[in-house]
Amino acid sequence: MTTIEADAHTRVLAIGAHPDDVEFGCGATLAKWSRAGAHVELLVLTDGSKGTWDAGHDLAALVATRHDEQRAAAHALGARAVHFLDAVDGELESDAARREEVCAVIRAARPDVVLGHDPWKQYRLHPDHRHAGVLTVDGIVAARDPHYFPHAGVPHRPTRLLLFEAQVVDHVEAVDGIDVESKIDALLCHRSQWRSTMGIDTGSPDADDQLAAFGRRIRDEVASDHGEAFKLITDL
Ligand SMILES: [Zn+2]
């Protein structure tokens, strides 16, 4: 199992359903490739508007906050750009209209490597993660052929697809400690998700311990996988 060599000529697009999914799924790998000079872009499909436990939350303000958090996280990973499609959180569909939008971003970003959710992950409940995986795969198929969505840019064929949350892992990207710390830094940029997703309650007297525990959790996950784990598809 060899890792993918990235340098200043390498272009990368990582596609996530929600703000923070890309960081969880492949943040250390993106940080590593950014450090090697690769051009990394992110695509976030939904607006993150379900990302609160507070029923009275101002959702327009939450979406704006989550955009800002995602841009900060992208910066922490060394990514050069973030694209937002802003589908309503929880209501993402892998329909033709959305596929054309993903196809257009792939054609504009012209990635060699695409990363996204595994659409074939068994027993996963969240519909946005399923649809995001389907859109990633179907978007690649559409992007490479001129007769799909001819008004959505110049056709482009990536060479590798890495699926995170993989049902079948057959590829591990080894990462350095500095890349794991960048992943944690990027995840912690999503401060609106600290309590609901990361188990960090800033109102609690144990907040510092919870923050440290979250960092340990991420370091332990990467250590036990010997890096970040994926399904690799090269027949694109
Ligand atoms: Zn998600």
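This briefing walks through a helix crossing, some ring contacts and a handful of individual residues. The model is a predicted one. Helices α3 and α4 cross at roughly 65°, and the count of aromatic pairs comes to 1. Leu135 is worth following from the start, as this α4 residue takes part in the contact with α3 and is buried, with 1% relative accessible area.

**Where α3 and α4 cross**

- Helix α3 covers residues 96-109 and helix α4 covers residues 127-143.
- Their axes come within 8 Å of each other, and the crossing is right-handed.
- On the α3 side, the residues that meet α4 are Arg98, Arg99, Val102, Cys103, Ile106 and Arg107.
- On the α4 side, the partners are Leu135, Asp138, Gly139, Ile140, Ala142 and Ala143.
- Sorted by class, this contact is made up of 7 nonpolar, 1 polar and 4 charged residues.

**Leu135, a residue in that contact**

- Leu135 sits in helix α4 and has a relative accessible area of 1%; this is under 20%, so Leu135 counts as buried.
- Setting aside neighbours within four places in sequence, Leu135 touches Arg98, Arg99 and Val102, and also Leu45, Leu92, Glu93, Ser94 and Asp95.
- For one of these partners, Leu45, the C-alpha separation from Leu135 is 9.4 Å, with the two positions 90 residues apart in sequence numbering.

**Rings and a charge**

- What geometry does the pair of Phe24 and Phe214 have? The ring centres are 6.3 Å apart and the planes stand at 90°, so the pair is edge-to-face.
- This pair joins distant parts of the chain: Phe24 belongs to helix α1 (residues 21-35) and Phe214 to helix α7 (residues 207-225), 190 residues apart.
- The two rings also fall into separate burial classes: Phe24 is partly exposed at 21% relative accessible area, whereas Phe214 is buried at 2%.
- Elsewhere, the charged end of Arg191 is placed over the ring of Trp194, at 4.2 Å from the ring centre.

**Around the start of α1**

- Asp20 lies in the loop between β1 (11-16) and α1.
- Asp20 is not a glycine, yet its phi is positive, at about 100°.
- With a relative accessibility of 6%, Asp20 counts as buried.
- Asp21 is in helix α1, and its 8% relative accessibility is under the 20% limit, so Asp21 is buried too.
- Beyond the residues up to four places away in sequence, Asp21 touches Gly16, His117, His129 and Phe164.
- Asp21 and Leu135 are 114 residues apart in sequence, and their C-alpha atoms are 15 Å apart in space.

**Lys32, also in α1**

- Is Lys32, a residue of helix α1, buried or exposed? Its relative accessible area is 16%, which is under 20%, so Lys32 is buried.
- Lys32 is in contact with Thr3, Glu173, Ala174, Val175 and Asp179, leaving aside its neighbours within four places in sequence.
- From Lys32 to Val113 the C-alpha distance is 14 Å, and the two are 81 residues apart along the chain.

**Two loop residues to look up**

- Phe149 is in the loop between α4 and β5 (160-164).
- Like Asp20, which has a positive phi without being a glycine, Phe149 is a non-glycine residue with a positive phi, here of about 40°.
- Phe149 has a relative accessible area of 17% and is buried.
- Pro205 is in the loop between α6 (194-198) and α7.
- Why does Pro205 count as exposed? Its relative accessible area is 84%, and exposed means over 50%, so Pro205 is in the exposed class.
- The C-alpha atoms of Pro205 and Ala64 are separated by 29 Å, with the two residues 141 apart along the chain.

Methods:
Residues are numbered from 1 along each chain as its sequence is written. This is a predicted model: local features need pLDDT of at least 70, side-chain atom pairs count only at pLDDT 80 or more; totals for chains, interfaces and linings use all residues. Side-chain values use heavy atoms; hydrogens and water are left out. Axes are lines fitted to C-alpha atoms, for helices over the stretch in contact, and angles run from 0 to 180 degrees between N-to-C directions. Helices (H or I, at least four residues) and strands (E, at least two) are DSSP runs, numbered from the N terminus. A crossing is left-handed if the near helix is turned anticlockwise from the far one by less than a right angle, and right-handed if clockwise. Contact means heavy atoms within 4.5 Å. Ala, Val, Leu, Ile, Met, Phe, Trp, Tyr, Cys and Pro count as nonpolar, Asp, Glu, Lys and Arg as charged, and the others, Gly among them, as polar. Rings of Phe, Tyr and Trp (its six-membered ring) pair if their centres lie within 6.5 Å; planes under 30 degrees apart count as stacked, over 60 as edge-to-face and the rest as tilted. Buried means under 20% relative accessible area, exposed over 50%, partly exposed in between (1.4 Å probe, protein chains only). A charge sits over a ring if NZ of Lys or CZ of Arg is within 6 Å of the ring centre and within 35 degrees of the ring normal.
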